[in-house]
Amino acid sequence: MKKQYIVIVGNVGAVFNSNNKKDAIAIYKEYVVISKNSVGRIGGEDVTLFCDDEPLYEHHGSFQYDN
């Protein structure tokens, strides 16, 4: 069975879902750059790449939620 890769961005949700690890890593890196550069809705958000429901890579954004 092929592995499933999902990229999830903070307040957006799943932005990528595939069996292709190379593409998943590329998309993850793109969203990390957007988060770091504080662009649009993605700016400052967490970005996580999951492989079969387990975190593979995590970027902790700078956005702070008010509690």
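**Figure 1. Helix α1 in the predicted model: span and start**. Helix α1 comprises 16 residues. From its first C-alpha to its last, α1 reaches 22 Å, close to the 22 Å expected at 1.5 Å a residue. At the start of the helix, a side-chain oxygen of Asn 20 comes to within 3.0 Å of the backbone nitrogen of Lys 22. Just after α1, Ser 38 adopts a positive phi of about 50°.

**Figure 2. The buried and exposed sides of α1**. Ala 24, Ile 25, Tyr 28, Val 32 and Ser 35 are the buried residues of the helix. These residues lie on the same side of α1, because they cover an arc of only 95° around the axis. The strands against which they pack are β1, β2 (13-18), β3 and β4. On the other side of the helix, Lys 22 and Lys 29 are exposed.

**Figure 3. The largest nonpolar core**. This core has 12 residues in all: Tyr 5, Val 7, Val 9, Phe 16, Ala 24, Ile 25, Tyr 28, Val 32, Ile 42, Val 47, Leu 49 and Cys 51. At least two residues of the core come from each of β1 (5-9), α1 and β3. The greatest contribution is that of α1, with four residues. Val 7, one of the core residues, touches residues that include Phe 16, Ala 24, Tyr 28, Val 47 and Leu 49. Among the further contacts of Val 7 are Gly 13, Ala 14, Val 15, Ile 27 and Thr 48.

**Figure 4. Strand β1 and its pairing with β2 and β3**. Four of the five residues of β1 are buried, so this strand is largely enclosed by the rest of the structure. Strands β1 and β2 are paired in the antiparallel sense over five bridges, and they form a hairpin with three residues between them. Within this pairing, Ile 6 has Asn 17 of β2 as its bridge partner. Strand β1 is also joined to β3 by five bridges, and these two strands run antiparallel. Here Val 9 stands opposite Val 47 in β3.

**Figure 5. The surroundings of Val 47 in β3**. Val 47 lies in strand β3 and counts as buried because its relative accessible area is 0%. Leaving aside neighbours within four places in sequence, Val 47 is in contact with Val 7, Ile 8 and Val 9, with Tyr 28, Tyr 31, Val 32 and Ser 35, and with Tyr 57, Glu 58 and His 59. The C-alpha atoms of Val 47 and Ile 34 are separated by 9.9 Å, with the two residues 13 apart along the chain.

**Figure 6. The polar contact between Ser 35 and His 59**. Ser 35 belongs to helix α1, whereas His 59 is found in strand β4. A polar contact of 3.2 Å joins their side chains. Ser 35 counts as buried because its relative accessibility is 2%, under the 20% cut-off. His 59, at 14% relative accessibility, therefore also counts as buried. Not counting residues up to four places away in sequence, His 59 touches Tyr 28, Val 32, Ser 35, Lys 36, Glu 45, Asp 46 and Val 47. With the corresponding neighbours left aside, Ser 35 is in contact with Ile 42, Gly 43, Gly 44, Glu 45, Val 47, His 59 and Gly 61. Ser 35 and Met 1, 34 residues apart in sequence, are 32 Å apart in space, C-alpha to C-alpha.

**Figure 7. Positive phi at Ser 38 and Asp 52**. Most residues other than glycine have a negative phi. Ser 38, in the loop between α1 (21-36) and β3 (47-51), has a positive phi near 50°. Asp 52 has a phi near 50°, likewise a positive value in a residue other than glycine. The place of Asp 52 is in the loop between β3 and β4 (54-59). Asp 52 counts as partly exposed because its relative accessibility is 39%.

Note on methods: Residues numbered from 1 in each chain as written. Predicted model: local features only at pLDDT ≥ 70, side-chain atom pairs only at ≥ 80, totals over all residues. Heavy atoms only, no water. Buried < 20%, exposed > 50% of the residue type's maximum accessible area, 1.4 Å probe, protein only. Core = buried A, V, L, I, M, F, W, Y, C linked by side-chain atoms within 4.5 Å. Contact = heavy atoms within 4.5 Å. Expected span 1.5 Å × (residues − 1). Arc of directions from axis to C-beta. Polar contact = N/O pair within 3.5 Å; in protein donor to acceptor, adjacent residues only side chain to side chain. Pairing = 2+ DSSP bridges.
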